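Here is a short walk through one protein model, written for someone who likes to check the geometry. Keep the viewer open as you read.

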Amino acid sequence: MRLDGQTLVIASHNAGKVREIAALLEPRGVMVTSAGDLNLAVPEETETTFAGNARIKAHAAARASGMPALSDDSGLEVAVLDGAPGVYTADWAETPEGRDFYMAMERVWTELQNTGAAAPFTARFVCTLCLAWPDGTDAVFEGSVEGRITWPPRGTNGFGFDPVFIPEGHDITFGEMEPAAKHAMSHRADAFAKLVQGTFG
């Protein structure tokens, strides 16, 4: 199914994520709104996989809005931590006052030190996109980018764990990169390339 000429709901209340997705869709001429803009309820993410949670969010937004919806479930997998925080990446940042990603980055670093493992601390960002239609059909696209964890955090660009993640082949973090450079190589860009091929190609 194609998206030509349709408005797409980005099934997220995360402003940074919505900005990144909108920037990736802009060249395709897709009109974008978000679950936050539409005041849609945030569904409970009860699955244990990126794909499962992406489906929950996309289908909830598509049903509530009557428009096709695109969700993104993404996270950081650290090899020495057996893939943690993984699907619980955002949960590691939760506080009663909202998400605190500096606290979450500190937790990752502390747990890395507690393992006694030596650097480099290989990791990867994973992104799973789900494109869902109001009739209940969907398509799933997965992407990733390899890299390593560094400390202390560096850079104020990006969001989430970007300041501690150095992508493979580079010596600066996603937090230090210009947004266009990050968009060209990120896990989200990888997943989007597959979505574009499957949806607009």
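## Strand pairing around S6

Two strands count as paired if DSSP finds at least two bridges between them. The model is a predicted one, and a good place to begin is strand S6, which spans residues 121-132. On one side, strand S3 (residues 69-78) pairs with S6 in the antiparallel sense, over 10 bridges. If you want a spot to click on, Gly 75 stands opposite Val 126 in S6.

S6 also has strand S7 (residues 138-149) as an antiparallel partner, this time over 12 bridges. Here Leu 129 has Phe 141 in S7 as its bridge partner. S6 and S7 form a hairpin with 5 residues between them, and Gly 136 in that turn has a positive phi of about 100°. Of the 12 residues in S6, 10 are buried, so the strand is largely enclosed by the rest of the structure.

## Two cysteines, no bond

Strand S6 runs over residues 121-132, so its numbering takes in two cysteines worth a look. Cys 127 is buried, with a relative accessible area of 0%, and Cys 130 is likewise buried at 0%. Why is there no bond from the sulfur of Cys 127 to the closest cysteine sulfur? That closest sulfur belongs to Cys 130 and lies 11 Å away, which is too far for a bond. Seen from the other end, the closest cysteine sulfur to that of Cys 130 is the one in Cys 127, again at 11 Å and too far. A disulfide is a covalent bond between the sulfur atoms of two cysteines. Searching the whole structure turns up 0 disulfides.

## Salt bridges

The model has 13 salt bridges. One of them joins the side chains of Lys 17 and Asp 72, at 3.3 Å from N to O. This pair links distant parts of the chain, with Lys 17 in helix H1 (residues 15-25) and Asp 72 in strand S3, 55 residues apart. Both Lys 17 and Asp 72 are buried.

Helix H1 has another such contact: the side chains of Glu 20 and Lys 182 meet in a salt bridge of 2.5 Å, N to O. Lys 182 sits in helix H4 (residues 179-185), and the two partners are 162 residues apart. Glu 20 and Lys 182 are both buried. A network of salt bridges links Lys 17, Glu 20, Asp 72, Asp 162, Lys 182 and Arg 188.

Arg 154 and Glu 176 also meet through their side chains, at 3.1 Å from N to O. Arg 154 lies in the loop between S7 and strand S8 (165-167), while Glu 176 lies in the loop between S8 and H4, 22 residues apart. How accessible are these two? Arg 154 counts as partly exposed at 26% relative accessibility, and Glu 176 counts as partly exposed at 31%.

## The largest pocket

The largest pocket has a volume of about 830 Å³. It is lined by 40 residues, and the closest to its centre are Lys 17, Glu 45, Lys 57, Ala 90 and Arg 99. Lys 17 is also the salt-bridge partner of Asp 72.

Which element gives the most to the lining of the largest pocket? That is H2, with 6 residues. Helix H2 (50-65), S3 and helix H5 (187-199) each supply at least two residues of the lining. By residue class, the lining divides into 17 nonpolar, 10 polar and 13 charged.

Note on methods:
Residues are numbered from 1 along each chain as its sequence is written. This is a predicted model: local features need pLDDT of at least 70, side-chain atom pairs count only at pLDDT 80 or more; totals for chains, interfaces and linings use all residues. Side-chain values use heavy atoms; hydrogens and water are left out. Buried means under 20% relative accessible area, exposed over 50%, partly exposed in between (1.4 Å probe, protein chains only). Helices (H or I, at least four residues) and strands (E, at least two) are DSSP runs, numbered from the N terminus. A salt bridge is a side-chain nitrogen of Lys or Arg within 4 Å of a carboxyl oxygen of Asp or Glu. On a 1 Å grid over the protein atoms alone, a cavity is a set of points where a 1.4 Å probe fits but cannot get out, and a pocket is an open set with protein on both sides within 12 Å along at least five of seven lines; lining residues have an atom within 4 Å of a point. Grid points are joined across faces, edges and corners, and a volume is the space filled by probe spheres set on the points. Ala, Val, Leu, Ile, Met, Phe, Trp, Tyr, Cys and Pro count as nonpolar, Asp, Glu, Lys and Arg as charged, and the others, Gly among them, as polar. A disulfide is a pair of cysteine sulfur atoms within 2.5 Å.
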